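This report is meant for someone meeting the structure for the first time, and it moves from the whole chain to a few chosen places within it.

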Amino acid sequence: MLKRFAAAALVCAIVSAAQAAERTIIVLDASGSMWGVIDGKPKLEIARETLRNVLTTVPADAELGLMAYGHREKGNCDDIELVVPPAPGTAAAITEAADRMRFLGKTPLTQAVRHAAEATRYTEEKATVVLVTDGLETCSADPCALGRELEKSGVDFTAHVVGLGLSRDEGRQVACLAETTGGRYIKADDAAQLREALSKTVAAKVETPQPVTLPKAGISVGDKPTIGQSFDVAWTGPAGANDYIDIVPAGTEEIGGELFFAYVKEGATLAMRAPGEPGAYDIRYIWEGPDKRHVLASARIEVVASENALVAPASVSVGQGFEVAWKGPGQDGDYVDLVAEGHVETAGELSFAYVKESNPVRLRAPGKAGPYLLRYILSAPDGRKMLVSVPLAVTEATASVSFPQSVMAGTEINVAWKGPAASGDYVDLVPAGRADTSGEISFSYVEQSQDSETVVLRAPADAGKYQIRYVLEAADGKQVLASQPLEVKPVEASLKAPAAVEKGAQFEVEWTGPAATGDYVDLVPKGHADTTGELSFEYVTSAQEERRVALTAPEQAGEYEVRYVLEAPDGKRVVASAPLMVE
């Protein structure tokens with residue numbers, strides 16, 4: 001169902017723009033996470049097929065182009081390319097380009113949309129950009145701010161955002177890019193929305209949007225909260241599935257970038273968290289309408305200072321590291337700790353940090369979800385005392401791993417991951433069905449990931465069924481948060497060497513193979529089974545364009561073998577050989 005809706009969402013945005021006879025550029029997410037699976041099919045294949053089908057329905061004179069990001073290299077926020085410039089009759093070129101595209105890099109979606117807008121000459125003519133993404137911005141940019149900028153400087157610019165498998169929270173963070181430019185954020189999470197998108201958008205004529213009647217809502221708050229304090233907010237309103245209450249600086253009109261929020265479905269009275277700076281703020285009811293999000297109600301509050309305070313997240317996932325800013329005496333021996341809800345003793349904490357070390361201090365959530373407390377503990381001559389506390393909800397952690405579903409033995413695997421990224425978390429490769437969090441064949445810590453999105457593992461030498469997992473390192477033990485199957489196929493390798501050479505002569509060997517790091521071609525006596533004791537060898541690399549290495553024959557005549565040796569995490573393997581006679 002999700003796969004079909006994602007396709008319909010793309011149909012909705014592209015066809016509508018193209019049939020309005022405007023210049024349109026599709027921005028395609030080609031990051032490594034597009035290897036993730038929806039309904040048993042990689043998202044990248046869904047995107048390719050959808051493009052292929054959609055582009056057959058647009059008019060031949062429609063000016064279409066294709067921008068991509070993350071398709072050429074890992075860890076590079078500048079990996080953005082206008083693959084097909086906007087022009088009439090580009091449907092076939094866009095389809096072919098998407099089919100050839102690799103998916104392996106980061107997600108610089110904000111800058112990619114900016115480049116696409118510039119390529120459409122959005123400051124001179126009407127233009128549309130359709131962003132198809134399965135993730136959030138990972139290159140320290142603000143898509144909401146870009147949306148406001150493009151709306152202000154464009155002649156008639158519109159951005160649509162299609163979220164491929166995005167969660168509710170993720171969609172909320174990128175919807176602003178579409179909403180600020182008059183476009184639509186289309187979620188892939190409902191079959192009814194799929195049918196509606198297909199029926200209303202795949203049409204010869206784009207209908208003029210109808211005015212939306214805003215429902216009534218109300219906000220009620222109590223006394224002035226102090227900085228970092230939890231306080232209750234009562235609300236009335238339509239209670240839509242994605243409606244929420246947020247906190248923003250007083251006078252803020254934009255939707256997005258809130259300081260704190262809570263979905264109204266959590267209850268008629270919500271526990272909110274005051275910001276860490278005193279001042280005036282607005283509490284708002286945000287309604288997700290049929291066209292975009294709207295502010296239905298607002299109430300002004302005053303957040304006041306306090307001698308003792310803790311400013312911390314209202315919730316974190318299990319095992320996650322987080323920061324707590326503090327205000328208090330700051331004496332030697334004072335500390336901030338984390339305890340179970342209801343714990344009153346000033347001992348038995350699950351995590352703590354002395355305030356003299358830093359402000360904020362850094363703590364780590366326990367491995368079990370539930371309600372907890374953060375406390376400032378004063379170290380006084382007459383004993384330790386709690387000066388202030390705030391609640392902390394520890395939630396179940398979620399994670400995902402995305403990668404090609406099948407690889408050749410011994411080759412490198414780029415694995416895109418999402419997860420808590422706590423210290424000690426790692427991605428590993430184990431045999432299929434393995435439940436233990438040990439005995440991995442290959443692994444990499446996520447905190448050592450160069451681009452904070454992908455790690456590189458090495459496939460084993462033996463073909464078969466395996467799995468790649470995200471493993472959380474929590475205070476009370478390791479937990480597997482995500483797992484996806486992997487098929488390792490046998491190595492395809494071959495050697496072409498002379499039938500005979502003179503002793504001591506240098507000769508060339510042509511090779512084919514995975515060319516993974518550490519692979520080499522060697523020369524050994526006939527029947528030599530060990531992957532050591534070679535008489536001559538040379539490493540192979542993909543940089544060797546002619547796929548040739550040079551070896552030297554021994555000084556003793558006789559029968560020998562030339563071998564391709566695969567270097568894998570579970571040991572070396574001879575995957576190809578050819579006889580050689582030394583005369």
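What follows describes the chain as a whole, then a sheet, a helix, some backbone features in loops and one lysine.

## The chain as a whole

The model shown here is predicted. The chain holds 7 helices and 39 strands, and its C-alpha trace spans about 95 × 80 × 35 Å along the principal axes. Of its 583 residues, 48% count as buried, while the surface that the chain exposes comes to about 26,000 Å², with carbon and sulfur atoms supplying 48% of that area. When contacts between residues at least 6 apart in sequence are considered, 69% of them join residues at least 24 apart. The side chains include 55 positive and 82 negative ones, and the centres of these two sets lie 4 Å apart.

## An open sheet

Strands of a sheet pair through backbone hydrogen bonds, and the pairing may be parallel or antiparallel. One open sheet in the chain has 5 strands in the order β33-β39-β38-β35-β36, and its pairing is mixed. Because β33 (500-501) and β36 (536-539) stand at the edges with a single partner strand each, one side of each is left without a neighbour in the sheet. The partner of β33 is strand β39 (residues 571-582), to which β33 is joined by 2 bridges, and the two strands run parallel. Within this pairing, Val-501 has Val-582 of β39 as its bridge partner.

## Helix α2

Helix α2 (residues 43-54) has 12 residues, and the distance from its first C-alpha to its last is 16 Å, close to the 16 Å expected at 1.5 Å a residue. Its buried residues are Lys-43, Leu-44, Ile-46, Ala-47, Arg-48, Thr-50, Leu-51 and Val-54, a list that includes the charged side chains of Lys-43 and Arg-48.

## Backbone features in loops

Most residues other than glycine have a negative phi, and most peptide bonds are trans. Against that background, two alanines have a positive phi, and the table sets them side by side.

| Residue | Phi | Loop between | Relative accessibility |
|---|---|---|---|
| Ala-421 | about 60° | β26 (412-418) and β27 (426-431) | 39%, partly exposed |
| Ala-515 | near 55° | β34 (506-512) and β35 (520-525) | 15%, buried |

Ala-515 counts as buried because its relative accessible area of 15% falls under 20%, whereas Ala-421, at 39%, counts as partly exposed because its value lies between the 20% and 50% limits. The loop of Ala-515 leads to β35 (520-525), which is one of the strands of the open sheet described above.

A further feature concerns a peptide bond: Asn-359 and Pro-360 are joined by a cis peptide bond, with omega about 10°. Pro-360 lies in the loop between β20 (351-354) and β21 (361-364).

## The surroundings of Lys-478

Where in the chain is the place of Lys-478? This residue belongs to strand β31 (residues 477-489), and at 39% relative accessibility Lys-478 counts as partly exposed. Leaving aside neighbours within four places in sequence, Lys-478 is in contact with Tyr-426, Thr-437, Val-471, Leu-472 and Glu-473. Among these, Tyr-426 falls within the residue range of β27 (426-431). The C-alpha atom of Lys-478 is also separated by 9.4 Å from that of Asp-436, a residue 42 places away along the chain.

Definitions and conventions:
Residues numbered from 1 in each chain as written. Predicted model: local features only at pLDDT ≥ 70, side-chain atom pairs only at ≥ 80, totals over all residues. Heavy atoms only, no water. Pairing = 2+ DSSP bridges. Helix = DSSP H or I, 4+ residues; strand = E, 2+ residues; numbered from the N terminus. Buried < 20%, exposed > 50% of the residue type's maximum accessible area, 1.4 Å probe, protein only. Contact = heavy atoms within 4.5 Å. Areas by Shrake-Rupley, 256 points an atom, 1.4 Å probe, with all protein chains shown as cover. Charge placed at Lys NZ, Arg CZ, Asp CG, Glu CD. Expected span 1.5 Å × (residues − 1).
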